[in-house]
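Grab a coffee and open the model in your viewer. Try each exercise yourself before reading its solution.

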Amino acid sequence: MDRQVSQLWTKRALYLFLAFMIMFLHLLPLNTQPGRLPFPDLLMALTFAWVLRRPEYVPIPLIAIVMLLADLLLQRPPGLLAALVVLGSAYLRGAAPGMRDAGFFAEWTTAAVAITAVFVLNRIILAILTVQQAALGPMVIQVVLTIAVYPLIVLLSQSGFGVRRASAVDSAAAGLRS
Amino acid sequence: MAKDRSQRDEYTTPLRRLLLGIVVLCLLGIFLVWRIDSPRVERFRAQVVDTVVPSMDWAMVPVTAVVNLVRDFQSYQRLSEQNQELRSELRLMRAWKEAALQLEQENARLLDLNNVRLDPRLTYITGVVMADSGSPFRQSVLLNVGERDGIMDGWATMDGIGVVGRISGVGPDTARVILMTDASSAIPATIQPSGQTALIAGDNTPSPAVEFLENRELVRPGDRVVTSGDGGVFPGGLLIGQITADPGGRLRVRLSADFERLEFLRVLRFHSAPPIEDSGDIVGPRRPETAIAPAEAGDG
């Protein structure tokens, strides 16, 4: 049981570390010329992939802190995208148990819906509050890229970081623990 | 076991909902405060960036250096080709150098004749680019000089040749430069030789657009664009770039500064810049009271 607890905190720390790595990559001053292809939102894809596999590795406050920090560092309106991602992950958290037997394609579709909803809501709210925002074209490309990169992130999380769905044995152990 | 789990859910689900509600409300609250009172939150953002980014610097510098090394290596592959190019460019430059030297001498003579003193207030601080904006929709870079070095909001920033942008957001050790290519950047400029004034407004493309131009007929591609100094925010006479026309016939500016590689930037100390304290007001007719009050004071 101790091993499980320590593993839980290791995975949470791993999530924090990966989030920092992604922000770090974004901040590297490699290309200051505009007009480059927009980058997929790796942080959102990673968060959703983990929430659908092991919700306990990414608790709500952790997601909120990471996304707020990303908002602040990456020059986005602070708080809005963070709130939407937290809501999206709460929705996926609810959908996760039903997803276990549905196969990967169904999961991908659900994640794609969540990602699209987050971006669309973000745009609508910014438009309502008349915040200046980017052109629609690159934004759509970003959404598509984020959805496209999702399976890769899932593959990497499963084989690289060992974030798999809880098997029957694990969930039995979790049941005993509580 | 199933019963066990459902019991657990009975307690954890409402708690989780409450937590979710509180977290989302907090985040939306931050967003609303940002929307209402942007300068204060932006200052907070500058502070956060100031604490987080310099601590990443030890890793950023080598990674950036390695990637640039690889890129340079790729360009070595067409070395002889480049050598040819450089040779012909050098020949051209020699001719220009002669012309420049002559002009410089003439200029010095004329200045001496007219007893002109150049503005001594325009000194500069050089900073190193630490990070970019991190988002494809915003064009800005972070410099490693800040409040400690006396940097203030609104100061102009140049690379060796042309204007790059202006300071917006200063932390103790870092300052953010909004580049001219950012969609929120607009800089008053004069187009020479016709002397037309215009706004150079960025739109997330490599060459910003020329807006509010009075007479298009007088402007031709190839004309020089310099800052006009209107509004007292920027010093006048800094080189921005050259006019080009895009396929749609719209006038744009090809920037002189090398935006491909921004590494060292000069921040010009310019003291006429008024400090920006609050968010902008609605532009409209002035209220009569404020217009009358000074007049009365003057009479009495």
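What follows is a short set of exercises on cores, the chain contact, salt bridges and backbone oddities. This is a predicted model, where local features need pLDDT of at least 70, side-chain atom pairs count only at pLDDT 80 or more, and totals for chains, interfaces and linings use all residues. Residues are numbered from 1 along each chain as its sequence is written, chains are lettered from A and ligands numbered from 1 in the order written, and side-chain values use heavy atoms, leaving out hydrogens and water.

**Exercise 1. Find the residues with the most contacts inside the largest nonpolar core.**

Step 1: Pin down the term. A nonpolar core is a set of buried Ala, Val, Leu, Ile, Met, Phe, Trp, Tyr and Cys residues joined through side-chain atoms within 4.5 Å. Buried is under 20% relative accessible area, exposed is over 50%, and partly exposed sits in between (1.4 Å probe, protein chains only).

Step 2: Look at the winners. The largest core has 73 residues, and A:Phe48, A:Trp50 and A:Val86 have the most contacts inside it.

Step 3: Zoom in on A:Phe48. Leaving out residues up to four places away in sequence, A:Phe48 touches residues including A:Leu92, A:Ile115 and A:Tyr150 (contact: heavy atoms within 4.5 Å).

**Exercise 2. Describe the contact between chain B and chain A.**

Step 1: Get the size. The two chains bury about 4600 Å² between them, 69% of it on carbon and sulfur atoms; buried area is the accessible area (1.4 Å probe) that two parts lose on being put together, summed over both.

Step 2: See who contributes. Chain B brings 55 residues and chain A brings 50 residues. On the chain B side, B:Phe31, B:Arg45 and B:Phe137 lose the most area to chain A, together 14% of what that side buries.

Step 3: Check for charge pairs. There are zero salt bridges between chain B and chain A; a salt bridge needs a side-chain nitrogen of Lys or Arg within 4 Å of a carboxyl oxygen of Asp or Glu.

**Exercise 3. Which residue forms a salt bridge with B:Glu42, and how far apart are the closest N and O atoms?**

Step 1: The partner is B:Arg45, with the closest N and O atoms 3.0 Å apart.

Step 2: Because they are three residues apart in helix H2 of chain B, B:Glu42 and B:Arg45 are separated by about one helical turn. Helices (H or I, at least four residues) and strands (E, at least two) are DSSP runs, numbered from the N terminus.

Step 3: Compare exposure. B:Glu42 is partly exposed at 27%, while B:Arg45 is buried at 4%.

Step 4: Now try another pair. B:Arg250 and B:Glu211 meet in a salt bridge at 3.2 Å, N to O. That pair links distant parts of the chain, 39 residues apart: B:Arg250 is in the loop between strand E10 (239-245) and strand E11 (251-255) of chain B, and B:Glu211 is in strand E8 of chain B.

**Exercise 4. Is B:Asn204 buried or exposed, and what about B:Phe212, buried or exposed?**

Step 1: Start with the backbone. Most residues other than glycine have a negative phi, and most peptide bonds are trans. B:Asn204 has a positive phi of about 65°, and B:Phe212 has a positive phi of about 55°.

Step 2: Check accessibility. B:Asn204 counts as buried at 18%, whereas B:Phe212 counts as exposed at 65%.

Step 3: Finish with a peptide bond. The one from B:Gln192 to B:Pro193 is cis, with omega near 10°.
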